[in-house]
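Reader: I am new to this structure and should like to learn how to read it. May we proceed feature by feature?

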Amino acid sequence: MRCPFCHNPDSRVVDSREIDDGASTRRRRSCPSCGRRFTTVEEAVLAVVKRSGVTEPFNRSKVVAGVRRACQGRPVDEDQLAKLAATVEDAIRATGSAEVPANEVGLAILGPLRELDEVAYLRFASVYRSFSSVADFEREIAELRAGRSRAPVAHVAAQDGAPAAAPGPEHPPSHHDTSTPTGSAAGRTVGTTG
């Protein structure tokens, strides 16, 4: 690494530390020529290939911005959006590919967003998958409901009329009541929206 002070083409690593949960490496370096120290940050570049063929670095803030629009008016905070973006980046990096098509980024968003907020998921999916009719929404809602039928035991007990487990460390309170009354096909949202 070239010294930024005297431009000597060589430097020595004095200390290395992982930062950003291991996504980057911070190195303290020393120049053997002038003796000054400087810091570098190394990061594996993850590139997104857009439909036009243009390649740009993956950017968590773009993920957050896109999902934020879908979450407008929903009980989702900035910390949850940041965690979702980190989850998406981790999933994409786990593929081991240095370049990913933009549509794979969208696909990686759908799963975590579905778990975070179903309404926001439907909004995002409707744009991402280019829903063109009410039937597209109905099909997606049917899939959401089918996913609920595979819910944990506490939710299944609530559907059968038995009380669900009380909120606590194992069963935190939810913004969504996933139970459906007997004979009803619609779930209901509880809590405040805004």
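Author: The turns below go from the whole chain to its helices and then to single residues. Please keep in mind that this is a predicted model.

Reader: Let us begin with the overall plan. How many helices and strands are in the protein chain, and which pattern does the chain follow along the sequence?

Author: A good first step is to list the elements in order. The protein chain has six helices and eight strands. Read along the sequence, they follow the pattern β-β-β-β-β-α-α-β-α-α-α-α-β-β.

Reader: What share of the residues counts as buried, and how is the accessible surface described?

Author: Burial is judged by relative accessible area, with under 20% counting as buried. By that criterion, 27% of the 194 residues of the protein chain are buried. The accessible surface of the chain comes to about 12400 Å², and carbon and sulfur atoms account for 52% of that surface.

Reader: What part of the contacts in the chain joins residues 24 or more positions apart?

Author: The count considers contacts with a separation of 6 or more, and residues 24 or more positions apart account for 39% of them.

Reader: I should now like to read a pair of helices. At what angle do α1 and α2 pack, and which residues make the contact?

Author: One reads the angle between the axes, the distance between them, and then the residues that touch. Helix α1, residues 60-70, packs against helix α2, residues 78-94, at an angle of about 125°, and the two axes are 9 Å apart. Because of this angle, α1 is oblique to α2. The crossing in which α1 passes α2 is right-handed. On the α1 side, the contact is made by R60, V63, V64, V67 and R68, and on the α2 side by E78, L81, A82, L84, A85, A86, V88 and E89.

Reader: How do the axes of α4 and α5 compare with this reading: at what angle do they cross, and within what distance do they come?

Author: The axes of α4 and α5 cross at roughly 145° and come within 11 Å. Here too the crossing is described by its hand: α4 passes α5 in a right-handed crossing. The residues in contact are E118, Y121, L122 and S126 of α4, together with F137, E140, I141, L144 and R148 of α5.

Reader: Let us stay with α4. Which of its residues are buried, and which residue caps its N-terminal end?

Author: Helix α4 covers residues 118-128, and its buried residues are E118, A120, Y121, L122, F124, A125 and S126. For the cap, one looks for a side chain that reaches a backbone nitrogen at the start of the helix. D117 caps the N-terminal end of α4, with a side-chain oxygen 3.1 Å from the backbone nitrogen of V119.

Reader: What is found just after α4?

Author: Most residues other than glycine have a negative phi, so a positive value merits attention. Just after α4, S130 takes a positive phi of about 55°, although S130 is not a glycine. This serine is found in the loop between α4 and α5, the latter covering residues 134-149. S130 counts as exposed, because its relative accessibility is 55%. A further positive phi, near 65°, belongs to H7, also a residue other than glycine. H7 lies in the segment before β1.

Reader: Which residues beyond its sequence neighbours does D136 contact, and is D136 buried or exposed?

Author: D136 is found in helix α5 and is buried, with a relative accessible area of 13%. Its side chain joins that of R139 through a polar contact of 2.5 Å. Leaving aside neighbours within four places in sequence, D136 is in contact with S130 and F131.

Reader: Where is R29 found, and which side chains make polar contacts with R29?

Author: R29 is found in strand β2, residues 24-30. With a relative accessible area of 9%, R29 is buried. Its side chain makes a polar contact of 3.5 Å with the side chain of S11, and another of 3.3 Å joins the side chains of R29 and E42. Beyond its neighbours within four places in sequence, R29 has contacts that include M1, V13, R36 and F38.

Reader: Finally, what separates the C-alpha atoms of N103 and K50?

Author: These two residues are 53 residues apart along the chain, and their C-alpha atoms are separated by 8.1 Å. N103 is found in helix α3, residues 102-116, and is partly exposed, with a relative accessible area of 43%.

Technical notes
Residues are numbered from 1 along each chain as its sequence is written. This is a predicted model: local features need pLDDT of at least 70, side-chain atom pairs count only at pLDDT 80 or more; totals for chains, interfaces and linings use all residues. Side-chain values use heavy atoms; hydrogens and water are left out. Buried means under 20% relative accessible area, exposed over 50%, partly exposed in between (1.4 Å probe, protein chains only). Helices (H or I, at least four residues) and strands (E, at least two) are DSSP runs, numbered from the N terminus. A polar contact is a pair of N or O atoms within 3.5 Å; within protein, one must be able to donate a hydrogen and the other to accept it, and residues adjacent in sequence count only if both atoms are side-chain atoms. Contact means heavy atoms within 4.5 Å. Accessible areas come from the Shrake-Rupley method with a 1.4 Å probe; for residues, only the protein chains shown count as cover. Axes are lines fitted to C-alpha atoms, for helices over the stretch in contact, and angles run from 0 to 180 degrees between N-to-C directions. Angles under 35 degrees count as roughly parallel, over 145 as roughly antiparallel, 65 to 115 as roughly perpendicular and the rest as oblique. A crossing is left-handed if the near helix is turned anticlockwise from the far one by less than a right angle, and right-handed if clockwise.
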